[in-house]
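This report describes one protein chain, from its overall fold down to its pockets and a single side chain. The sequence and the model are shown first.

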Amino acid sequence: MKLLFASDLHGSLSATEQVLNQFERTGADWLILLGDLLYHGPRNPLPDCYNPAEVALQLNRFADRIIAVRGNCDSEVDQMLLDFPIDASWQQVLTNNRRLFLTHGHLYNPEKRPSLRAGDVLVYGHTHIPKAEKQGNIYLFNPGSASLPKGGYPTSFGMLTDGVLQVLSLQQAESVVQTSL
């Protein structure tokens with residue numbers, strides 16, 4: 001199973017189109033969205049090509065292949081535009097031998113972890129900073145931000161393919177960080 005992860009679109013149509021192009025290009029089975037999909041939030045600048053309604057329409061084309069969680073900037077009104085659920089603050093995906101705990105990062109994160117077992121992966125967004133590393137016996141994975149990156153990183157998305165967690169730059173699809181499971 002091949003998974004593509006994206007977080008913090010913040011209503012950017014250009015970022016959403018790039019993520020969806022990568023989703024189609026990579027042949028990923030599922031698109032996992034880690035929150036903050038339509039609204040930019042009061043602390044963030046307006047992202048490039050800000051158009052939340054069109055972002056919702058574009059994402060809805062893939063509704064049957066999306067697993068999503070709610071971010072701190074997502075609201076009930078956003079859910080009214082989307083054909084896939086975003087109300088849950090967390091989800092879990094089971095692979096052959098791992099559990100992926102999916103969350104936005106404002107409730108659960110590396111400093112405030114849910115109950116995890118050795119080998120589990122905490123997958124989160126929120127910080128806009130990519131991460132793919134093993135910390136103790138848990139893996140931490142953050143695909144960065146598709147629209148408003150921080151820390152000098154490029155816009156990015158994540159992939160899980162053949163036991164490798166990798167963050168790739170959105171435009172060049174070059175590796176930013178990665179770790180093997």
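The text below covers the chain as a whole, one helix, one tyrosine and two pockets.

**Overall fold**

The model is a predicted one. Its chain contains 3 helices and 11 strands. In sequence order these elements follow the pattern β-α-β-α-β-α-β-β-β-β-β-β-β-β. The C-alpha trace spans about 40 × 30 × 30 Å along its principal axes. The radius of gyration is 15 Å, which agrees with the value near 16 Å for a compact globule of 181 residues.

Of the 181 residues, 52% are buried. The chain exposes about 8,200 Å², and carbon and sulfur atoms supply 47% of that area. Of the contacts between residues at least 6 apart in sequence, 53% join residues at least 24 apart.

**Helix H2**

Helix H2 runs over residues 52-60, and its buried residues are Val55, Ala56, Gln58, Leu59 and Asn60. Their cover includes two helices, H1 (13-26) and H3 (76-81), and two strands, E2 (30-33) and E3 (66-68). As background, an α-helix has 3.6 residues a turn, so residues three or four places apart point the same way.

**Tyr139**

Strand E8 (residues 138-142) holds Tyr139. Is Tyr139 buried or exposed? Tyr139 counts as buried because its relative accessibility is 6%, and the cut-off for buried is under 20%.

Leaving aside residues up to four places away in sequence, Tyr139 touches Arg98, Glu133, Lys134 and Leu165. Its other contacts under that condition are Gly119, Asp120, Val121 and Leu122, together with Thr179, Ser180 and Leu181. Thr155 is 16 residues from Tyr139 along the chain, and their C-alpha atoms are separated by 22 Å.

**Pockets**

The two pockets are set out by volume and by the class of their lining residues.

| Pocket | Volume | Lining by class |
|---|---|---|
| Largest | about 240 Å³ | 4 nonpolar, 4 polar and 2 charged residues |
| Second largest | about 150 Å³ | 2 nonpolar, 7 polar and 3 charged residues |

The lining of the largest pocket consists of Met1, Leu3, Thr95, Asn96, Asn97, Arg98, Leu160, Asp162, Gly163 and Leu181. Arg98 and Leu181 in this lining are also among the residues that Tyr139 touches.

Which residues line the second largest pocket? Its lining includes His10, Asp36, Gly41, Pro42, Arg43 and Asn44. Asn72, Cys73, His126, Thr127, His128 and Lys150 also belong to the lining of the second largest pocket.

How values were computed: Residues are numbered from 1 along each chain as its sequence is written. This is a predicted model: local features need pLDDT of at least 70, side-chain atom pairs count only at pLDDT 80 or more; totals for chains, interfaces and linings use all residues. Side-chain values use heavy atoms; hydrogens and water are left out. On a 1 Å grid over the protein atoms alone, a cavity is a set of points where a 1.4 Å probe fits but cannot get out, and a pocket is an open set with protein on both sides within 12 Å along at least five of seven lines; lining residues have an atom within 4 Å of a point. Grid points are joined across faces, edges and corners, and a volume is the space filled by probe spheres set on the points. Ala, Val, Leu, Ile, Met, Phe, Trp, Tyr, Cys and Pro count as nonpolar, Asp, Glu, Lys and Arg as charged, and the others, Gly among them, as polar. Helices (H or I, at least four residues) and strands (E, at least two) are DSSP runs, numbered from the N terminus. The radius of gyration is taken over C-alpha atoms; the globule rule is 2.2 Å times the number of residues to the power 0.38. Buried means under 20% relative accessible area, exposed over 50%, partly exposed in between (1.4 Å probe, protein chains only). Contact means heavy atoms within 4.5 Å. Accessible areas come from the Shrake-Rupley method with a 1.4 Å probe; for residues, only the protein chains shown count as cover.
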